[in-house]
Amino acid sequence: MESVTKRKTSITGRILFIAILFLSAVVIVQAVISTSNSRNAIISLMQTRMLNVVQSAAAQINGDDFDALDGNITDASKPEFRRIVDVLDIYEKNVTLDYIYGVKALRGGYGVVVEDDLEGEDEFGEPIYESPALQAAMNGTSGVDDKPDEDRWGRVYTAFAPVYNSQHKVSGLIAVDFNADSYDSMSTSQTILIVLVCVVALAGSLMTVLLMTGSARRIVRQRQIESENLREIKHAVDSANEAKSHFLDHVSQETRVPIHAILDKNNRILNSTHVDRTIVCANGIQKSAEQLMTMVNNVLEYSAIEADRIVYEKKEYDIVSVIYDIVNTIRPRLDEKDLGFYVNVDDTLPRHLFGDYAHISQCIVNLLVNAVEYTSEGEVTLSVFLVKQEQSHVFIRFSVEDTGVGISDEDKERLFEPFERVESNDGDFKGKQGTGLGLAVVQSLLKHMGSSLDVESLVGAGSIFSFTIEQRVRKDEKVGNIDDEILKISEAGGEGA
């Protein structure tokens, strides 16, 4: 039991570990996705903002002024230069950016031609990096660099917008620089925030898992305790049943010895006396002893069935001989009560069969004894019919019908309960003694043979007990007409068959 508990605990631990790994993986993946999405969103926002600024500035500048600039220090004295600087100053002072300046194609490349703080000959026409965004702007489409450019002024992202002259040609570009470090700081802050959110989510998920698994472990432990208790109860019940079966076996076996002695002595009395009063008393003893023996046999049989000690043996048999033995067994009881006895056997039934005829006979005899016991007048009928035949197998229907007291619908439910007796209000049967095991034994035997007992009854009119059993066919010979054979047996039974 301890090993089972440890194994279940180990399994629970593994499940918890797997759940934590799964949640961690989910959180990490989510963090990576969120970080990437956040970075892309920041890039998109930054690029949109840079394009809005640079396009707005470029729209306010006359391209013809750009045409008048040569990219040297003499430009500083030109009115066109000053007009462009005045426009750029507005953005320099009112918009958050690092630099805003004018770019133009010069000899040998592109250079800065307009900026508020250009000083000295070397700053006019200073070459700049030729990027895809610059080329796109020269072709008439505003653009933003995807990667930062690093020069003596620092790391910056640059956006370009074209400026058109009166001939609708691109005469120059307006460029705006944004500090790359500020952008990266913003992106890093956003990443840290996402990571913190993911960590909090992971911690919350782990706490949830721990709480859930803790509850699950408590439930598992409770189920283990309940299971252990049930096993202990089952063991106790099995021990009690075993003790009960052993007790019944012992008592029943010990009881049979004195009963046999009583029957033996009583037979000697019957064979040696001619005194009527003695014979009457001896017959009473004989009947009581036989009833007691039947009760003991039923107890032994039910005990063996309950303990699963019944051996079901299948053998080849002649069904006519089986019926003969059954009739011969029940005849004394029929003679005693002067009841009519009829036997109906289907003449198409195969005669030589293979199966557990001993227990089939026992079931039929028990049903006949029960029928005779609760029938004071009239008759008892045993019927054997062929239900169907499938190649080498047959299904046979056995039924026992009587004209006895019958059974109410309420009592039918208790018929097969062991040690239960269905009492009759009829004066002849009221308070009748017995174990109440006869029908319980029949039902249990039939269940082991793949069948069950059916009951049809009407109070005051009689009952029909029947069952269908499958048997194998050994020979093709049919039963035919066996009335003569049965007649010889049942003549003493009253009206005959």
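Glu115 counts as buried, because its relative accessibility is 15%, and buried here means under 20% relative accessible area. In this predicted model, Glu115 sits in the loop that runs between strand β2 (109-114) and strand β3 (126-127). If its neighbours within four places in sequence are left aside, the residues in contact with Glu115 are Phe81, Val85, Tyr99, Ile100 and Tyr101, and a reader can look for these five around it in the structure above.

From this one residue we can step back to the whole chain, which has eleven helices and 14 strands. Of the 497 residues in the chain, 39% are buried, and Glu115 is one of the residues that count as buried. The contacts within the chain can also be sorted by how far apart the partners are in sequence: among contacts between residues at least 6 apart, 69% join residues at least 24 apart.

A helix pair is a good place to see how such contacts are arranged. Helix α7 covers residues 319-337 and helix α8 covers residues 357-373, and their axes come within 10 Å of each other and cross at roughly 20 degrees. Angles under 35 degrees count as roughly parallel, and α7 and α8 are therefore roughly parallel to each other. Their crossing is right-handed. On the side of α7, the contact is made by Val322, Ile326, Thr329, Ile330, Arg333, Leu334 and Lys337, while α8 contributes Tyr357, Ser361, Ile364, Val365, Leu368, Val369, Val372 and Glu373. When these residues are sorted by class, the contact of α7 with α8 has ten nonpolar, two polar and three charged residues.

Helix α8 also packs against α10, at an angle of about 155 degrees and with the two axes 9 Å apart. Angles over 145 degrees count as roughly antiparallel, which makes α8 roughly antiparallel to α10. In this pair the crossing is left-handed. The residues of α8 that take part are His359, Gln362, Cys363, Asn366, Leu367 and Asn370, and they meet Gly438, Leu439, Val441, Val442, Leu445 and Leu446 in α10. By class, the contact of α8 with α10 has seven nonpolar, five polar and no charged residues.

What, then, of helix α10 itself? Helix α10 spans residues 438-448, and its buried residues are Leu439, Ala440, Val441, Val442, Ser444, Leu445 and Leu446. Val442, which lies in this helix, counts as buried because its relative accessibility is 0%. Apart from neighbours within four places in sequence, Val442 is in contact with Cys363, Asn366, Leu367 and Leu453. Val442 and His359 are 83 residues apart in sequence, and yet their C-alpha atoms are 8.9 Å apart in space. Just after α10 comes Gly450, which takes a positive phi of about 80 degrees.

Beyond α8, the chain enters the loop that leads towards strand β11 (379-390), and Thr375 is found in this loop between α8 and β11. Is Thr375 buried or exposed? Thr375 counts as buried, because its relative accessibility is 0%. A polar atom of the side chain of Thr375 lies 2.6 Å from the backbone oxygen of Ala371. Thr375 can also be compared in position with Ser463, which is 88 residues away along the chain, while the C-alpha atoms of the two are separated by 9.8 Å.

The last stop concerns the backbone angle phi. Most residues other than glycine have a negative phi. Asp338 is not a glycine, and yet Asp338 has a positive phi of about 55 degrees. The place of Asp338 is in the loop between α7 and strand β9 (340-345), and Asp338 is exposed because its relative accessible area is 62%, where exposed stands for over 50%. His168 is likewise not a glycine, and its phi is positive at about 65 degrees. His168 is found in the loop between strand β6 (154-164) and strand β7 (170-179), and at 68% relative accessibility His168 therefore counts as exposed.

Conventions:
Residues are numbered from 1 along each chain as its sequence is written. This is a predicted model: local features need pLDDT of at least 70, side-chain atom pairs count only at pLDDT 80 or more; totals for chains, interfaces and linings use all residues. Side-chain values use heavy atoms; hydrogens and water are left out. Axes are lines fitted to C-alpha atoms, for helices over the stretch in contact, and angles run from 0 to 180 degrees between N-to-C directions. Helices (H or I, at least four residues) and strands (E, at least two) are DSSP runs, numbered from the N terminus. Angles under 35 degrees count as roughly parallel, over 145 as roughly antiparallel, 65 to 115 as roughly perpendicular and the rest as oblique. A crossing is left-handed if the near helix is turned anticlockwise from the far one by less than a right angle, and right-handed if clockwise. Contact means heavy atoms within 4.5 Å. Ala, Val, Leu, Ile, Met, Phe, Trp, Tyr, Cys and Pro count as nonpolar, Asp, Glu, Lys and Arg as charged, and the others, Gly among them, as polar. Buried means under 20% relative accessible area, exposed over 50%, partly exposed in between (1.4 Å probe, protein chains only). A polar contact is a pair of N or O atoms within 3.5 Å; within protein, one must be able to donate a hydrogen and the other to accept it, and residues adjacent in sequence count only if both atoms are side-chain atoms.
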